[in-house]
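Dear colleague,

Please find below the structure I am handing over to you. My notes on what was found in it follow directly after.

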Amino acid sequence: MKLRKKIVIQHQAKLPIRAFLVGFILLLLILQVVVSNRIAISGNQITQIEQKLDGLKQSNNNLGEKIASASSLTVIREKSLSLGFTKNITPYYVSTNLPVALELH
Amino acid sequence: MWRQKFVLLGFIICFSLIICKLFYWQFFKSGELANAASNQYYFKLNLSANRGQIMANDGSVLVTNKTAYLIYAEPKKIEDKNSFSNTVSKILDLDKEIINNRLNQSEIFWVPIKHKVNETTCEELKNLNLKGLGFEKESQRYYPEASLAAQLLGFVGNNESGEDKGYFGIEGFYDLALKGKSGFLIREKDASGNPILLGDEKRIPFEDGQNLELYLDRSVQTIIEDNLKKGIEKYGASEGLVAVMDPITGGIIGMAATPSYDPSKFGEYDAQVYPNPIVANTYEPGSTFKTLVMAAALNEKAVDVQTKFNEEGPIKIGQYYIRTWNDKYNGQLNMSQILEKSSNPGMVFVANKLGKDKFIEYLNKFGIGKKTGIDLEEEATSEIKAKDTWSDIDLATASFGQGIAVTPIQMLQAVASLANKGNLMEPQIVKKISDKNGKVIIKNPKIIGTTVDQKTAKMITDMMVSAVDNGDAKWAKPKGYRIAGKTGTAQIPVAGHYDVQKTIASFVGFAPADKPKFVILVALREPQSSPWGSETAAPLFFNITKELFTYYGISPND
């Protein structure tokens, strides 16, 4: 009689745990459905991010190309000529024997 | 009973057929089906590496990459192939028949139409919205400085498999380092072709090619190319070359040759202009070679500066007579005057004093007859004759640079050693190799031998300065500077004899003589205005030198 009572008490104690486990499993199932659903549609987002990344790399390359073109000697020479610069053929060298300034008396 | 047996037999036959078919799918077609399935749920992508950049010594870009497109067609999707090829051929400037033939090949799902199409043309095609026309990004070499230093840089073409490959110059020599390593990506995809976040993925990352930084100074390169162009026009030469080297490091600061080509349109030029003649061609150096022979004789103490030679007429060697260039004879000459007057009989005297064995030994010391080791793909050399085959006339003619062939880079390297206290440097084009991970390899200057001792180097320098100050080209020299140099005029061997009308006029020298910043070799082939180096190559050398003095800020007092 005593043993039966003990089993009934134990059975009553396990009920909330069982309910909790079932609830937890249900929660995980729902979570899985939600996550799977999100993952399923994230492929599109990944593609968009990759396209954006490609676009940025492309812009970077284009800018690098423009910088290289703009800083080429051919372009600099043309621009300097249009601004009136000329080639210095006969430079004048200041002799190191002379001081930069002379004192007037 | 017979009905049951009949139905049973029917079942057995049906099952047997099914088993046979399954066996067929599982054993014979399994690979194909696995591939087909894999194609359905896997996305495969080749990750191509970007080819490395080539930069000048100031970090400015000489060669880089730009985006281009591969234009391709999917014949199964094209409705009217004739109209398709008509439209595409006009925009891509291709033969319509070629496109038609490609489209009409049976069982072809994908055909390439044209590689390396620029963005503008690609946009034009995209705007047509042609069904079955596709575009794929690819990389194309881009030259911001156009054809500057083309023969030094080389170009990128295709190999047998249609992949990019560097040919000639730096592109050829450093092809492996420049091209990098391609990778690939295999990734699980969903029904709409998008990647699955937690799906399978296999990735072998690509490695971009290494970047090269050169010793080349683009300003110096521009100066020598401009002057060479003017010189060729002025003196009516068929070909010409200029090479500038830093004698202390062996770094090549500039290198130009004409005729040249545009590396972005290399296919439009004759393939003969692709190799760089400064490293790939040999020539007879003529009197410029006298500096090396004189240096060898001084170093061996076979002669000294004050040794006298009586130039009283032609020297007879066997059945041959060795004359001066103008058939005029100057009597008593010291060694310095032999170089000033560029006396051929005087050099025969010097070579005889030196002796055949020592002469050949010094040819080896100066690197004549062997590759310099310069980092350019097409370097060649000519061999020196075996010692026992040298006759007296061979020694005599070689003493003034005839009957012996060198490459311009060998000549430049040898004279640079005189400017660098006798240290023979390995000529180098690339100074630094770097990759995207920050790894840097610096190529240090490399001494590969000693030609003469320091004292001899000083003596020969003074003699070369005297040859410039008192020689035939003194009128062209910039005033106030000490420049060491020597003119050369070599007849061109044609079918076993020398053509007196055809010469290679050259000048080699360095400046400032006592603290050399650069060594320059100038050579003009068959100049029409005058055959002499003193009237063609020398003024061109001095024009370049003047500009380099201004560029480097070297005053006459330096």
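In this predicted model, B:F359 is in contact with B:F289, B:V293, B:A351, B:L354, B:W390, B:L395, B:A398 and B:S399, leaving aside neighbours within four places in sequence. B:F359 is also among the residues with the most contacts inside the largest nonpolar core, as are B:L152, B:I170, B:L214, B:F289 and B:M294. This core has 87 residues, and helix 16 (residues 408-419) of chain B gives the most to it, with 8 residues. Because domain 1 (45-214) and domain 2 (218-552) of chain B both give residues to this core, it lies between them. Another core, of 32 residues, lies apart from it and includes B:I224, B:I253, B:F507 and B:L540.

The two domains of chain B deserve a closer look. Their centres, taken over C-alpha atoms, are separated by 44 Å, and the contact takes 30 residues from domain 1 and 33 residues from domain 2. Between them the domains bury about 2,900 Å², of which 59% is on carbon and sulfur atoms. The count between the two domains is 4 salt bridges, and 15 residue pairs are in polar contact across the interface. On the domain 1 side, helix 6 (150-153), strand 6 (155-158), helix 7 (169-173) and strand 10 (211-214) each supply at least two residues that touch domain 2.

Finally, please look at B:T451, in the loop between strand 20 (447-450) and helix 17 (454-470) of chain B. B:T451 is buried, with a relative accessible area of 1%, and its side chain makes a polar contact with the side chain of B:S417 (3.0 Å).

With kind regards

Terms used. Residues are numbered from 1 along each chain as its sequence is written. Chains are lettered from A and ligands numbered from 1 in the order in which they are written. This is a predicted model: local features need pLDDT of at least 70, side-chain atom pairs count only at pLDDT 80 or more; totals for chains, interfaces and linings use all residues. Side-chain values use heavy atoms; hydrogens and water are left out. A nonpolar core is a set of buried Ala, Val, Leu, Ile, Met, Phe, Trp, Tyr and Cys residues joined through side-chain atoms within 4.5 Å. Buried means under 20% relative accessible area, exposed over 50%, partly exposed in between (1.4 Å probe, protein chains only). Helices (H or I, at least four residues) and strands (E, at least two) are DSSP runs, numbered from the N terminus. Domain bounds come from an automatic or database domain assignment. Contact means heavy atoms within 4.5 Å. A polar contact is a pair of N or O atoms within 3.5 Å; within protein, one must be able to donate a hydrogen and the other to accept it, and residues adjacent in sequence count only if both atoms are side-chain atoms. Buried area is the accessible area (1.4 Å probe) that two parts lose on being put together, summed over both. A salt bridge is a side-chain nitrogen of Lys or Arg within 4 Å of a carboxyl oxygen of Asp or Glu.
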